[in-house]
Amino acid sequence: MNATGVIVEYNPFHNGHAFHLEQAKKISGAETIIAVMSGNFLQRGEPALVSKWKRAEMALRAGADIVFELPYQFAVQQADIFASGAVSILEAAGCSSLCFGSESGSMESFHQTLSFLEEHNAAYQERVRVHLDAGFSYPKATSMAFLDLNHEGELVDLSKPNNILGFQYLKSARRQYSSMELFTVARKSAGYHDEQFASDSIASATSIRKALFSKNGEIESIRQYVPETTYQGLLQYKKEFGGFHHWEQYWPFLKFRLVHLQPEKLRDIYEMEEGLEHRFLSAALQAQSFQQFMEKIKTKRYTWTRLQRACVHILTNTEKTEMPNKPLKADYLHLLGMSKNGRKYLNRHKSELKLPLISRISSRAAQQLQLDIKASRVYAMGIDDGRDRTIMQKEVNQPPIMVD
């Protein structure tokens, strides 16, 4: 059985994601779609709207066949490490191709861009250093350096979020000598950061979340932008847990962690560098909300995303020794769920998987999944009235979701 892979977060799954899955199957000719999905905390340093189990179920009901979790050590990371972990999982799962969404929509442009930057690497790195020294963040410095060199303007625009990730998927696949063929689908209608609904049926996840957290916050307002299975899943989650997860729910816990820790201990936390601990501590004593806190610590040098990731690592007490300092490969395949077709694929290819398959949390598996388990326990704290236990227990008791 031929499989194509997708790398996703589904926060939440919407019509644009459904279009991507349809196109991925069509372009690749694959019979099976395997998704690698971030867990309860995401690449931009945010808690997922709903748990990884509910997001996996939404994906399976809308066209995915197998959902593996992208481990915390890769999920809450900068683009190159995020991509490296995800690509390694798809390769280990036996995917013959990888299909990603991009603003570019041209795979040839991605190949040309990678060749161009490899040829001009010395000049590129020098321009990055110049912009870093000028006080710009690393993502901004790399984007500006690329524009400095790309005078003809025929290559991929690496200032666009999906292009950035797609470029890193290609780099990771080449670095890992992956046998997968890469395809890209042009992002349709809504841009990644669009906060307003842009069409009759396609909207960004950003605009959907904004609508859900608005004053009215009615799920009905997003109904036309998501599959019916997502709509019903969101209704069910809100009824079961009283709402959706967002940073303000975790602010009291983050603030406690910050005012409790000594600066030297805070420096041990992953992504806390260059004196950030003092800035964080000072802001925590003044801020009354997470939004206020972020506004106080934001600088030109550090992106909002970079600072949010540091906040997640403080919240989960993830130290530098627990995280990779360079792109690495995943150690296991944590199965969150599968369709009937997905079960068929795993039954046929289980002996060919290049990494251990974890479907239940045993004592041995728990040791491998320590960061993921810890992150899920912290994530559950955003739910009150004793319902947090349900999410905590699911981490160790939940078998893979089966969707027919």
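In the predicted model, Glu271 is found in the loop that runs between α12 (263-266) and α13 (276-286). Although Glu271 is not a glycine, its phi is positive, at about 75°, and with a relative accessibility of 6%, below the 20% under which a residue is taken as buried, Glu271 counts as buried. A second residue with this backbone feature is Tyr10, which is not a glycine either and has a positive phi of about 50°. Tyr10 is found in the loop between β1 and α1, and its relative accessible area of 2% makes Tyr10 buried. The loop between β1 (3-8) and α1 (15-28) is also the place of Pro12, and the peptide bond that leads from Asn11 to Pro12 is cis, with omega near 0°. As background to these backbone features, most residues other than glycine have a negative phi, and most peptide bonds are trans.

The largest nonpolar core holds 130 residues, of which Tyr169, Leu254, Phe280 and Phe293 touch the most other members. Helix α4, which spans residues 79-92, gives the most to this core, contributing 9 residues. Apart from this core lies another one of 6 residues, with Tyr332, Ile358, Ala365 and Leu369 among them. For Phe293, when neighbours within four places in sequence are left aside, the contacts are with Trp251, Leu254, Leu258, Phe280, Ala283, Ala284, Ala287 and Cys311.

Several of these residues recur where helices α11, α14 and α15 pack against one another. Helix α11 (residues 247-260) packs with helix α15 (residues 304-315) at an angle of about 65°, and the two axes lie 9 Å apart. Since angles of 65 to 115 degrees count as roughly perpendicular, α11 and α15 are therefore roughly perpendicular to each other, and their crossing is left-handed. On the side of α11 the contact is made by Trp247, Tyr250, Phe253, Leu254, Arg257 and Leu258, while α15 supplies Gln308, Cys311, Val312, Ile314 and Leu315. Sorted by class, the residues in the contact of α11 with α15 comprise 9 nonpolar, 1 polar and 1 charged.

Helix α11 also packs with helix α14 (residues 290-297), here at an angle of about 60° and with the axes 9 Å apart, an angle that makes α11 oblique to α14. In this contact, Trp247, Glu248, Trp251, Leu254 and Leu258 of α11 meet Phe290, Gln291 and Phe293 of α14, and the residues involved divide into 6 nonpolar, 1 polar and 1 charged.

The remaining pair, α14 and α15, packs at an angle of about 120°, with axes 11 Å apart, and the two helices are therefore oblique to each other. The crossing of α14 and α15 is right-handed. Here the contact is made by Phe290, Gln291, Phe293, Met294, Glu295 and Ile297 of α14, together with Trp304, Leu307, Gln308 and Cys311 of α15; by class, the residues in this contact of α14 with α15 divide into 7 nonpolar, 2 polar and 1 charged. Phe293 of α14 thus appears in the contact with α11 and in the contact with α15, and Phe293 is also among the residues that touch the most other members of the largest nonpolar core.

Two further residues, Val185 and Asp404, illustrate a buried and an exposed position. Val185 is found in strand β5 (residues 181-186), and at 7% relative accessibility Val185 counts as buried. Neighbours within four places in sequence aside, Val185 is in contact with Phe19, His20, Gln23, Ile27, Cys99, Phe100, Gly101, Ser102 and Gly105. Val185 and Ser109, which are separated by 76 residues in sequence, lie 13 Å apart in space from C-alpha to C-alpha.

Asp404, by contrast, is found in the segment after β8 (401-403) and has a relative accessible area of 77%, over the 50% above which a residue is taken as exposed, so that Asp404 is exposed. When residues up to four places away in sequence are not counted, Asp404 touches Lys340 and Arg343. Asp404 and Arg343 are 61 residues apart in sequence, and the distance between their C-alpha atoms is 9.8 Å.

Technical notes: Residues numbered from 1 in each chain as written. Predicted model: local features only at pLDDT ≥ 70, side-chain atom pairs only at ≥ 80, totals over all residues. Heavy atoms only, no water. Core = buried A, V, L, I, M, F, W, Y, C linked by side-chain atoms within 4.5 Å. Buried < 20%, exposed > 50% of the residue type's maximum accessible area, 1.4 Å probe, protein only. Helix = DSSP H or I, 4+ residues; strand = E, 2+ residues; numbered from the N terminus. Contact = heavy atoms within 4.5 Å. Axes fitted to C-alpha atoms, helices over the stretch in contact; angles between N-to-C directions. Parallel < 35°, antiparallel > 145°, perpendicular 65-115°, else oblique. Left-handed = near helix turned anticlockwise from the far one by under 90°. Nonpolar A, V, L, I, M, F, W, Y, C, P; charged D, E, K, R; others polar.
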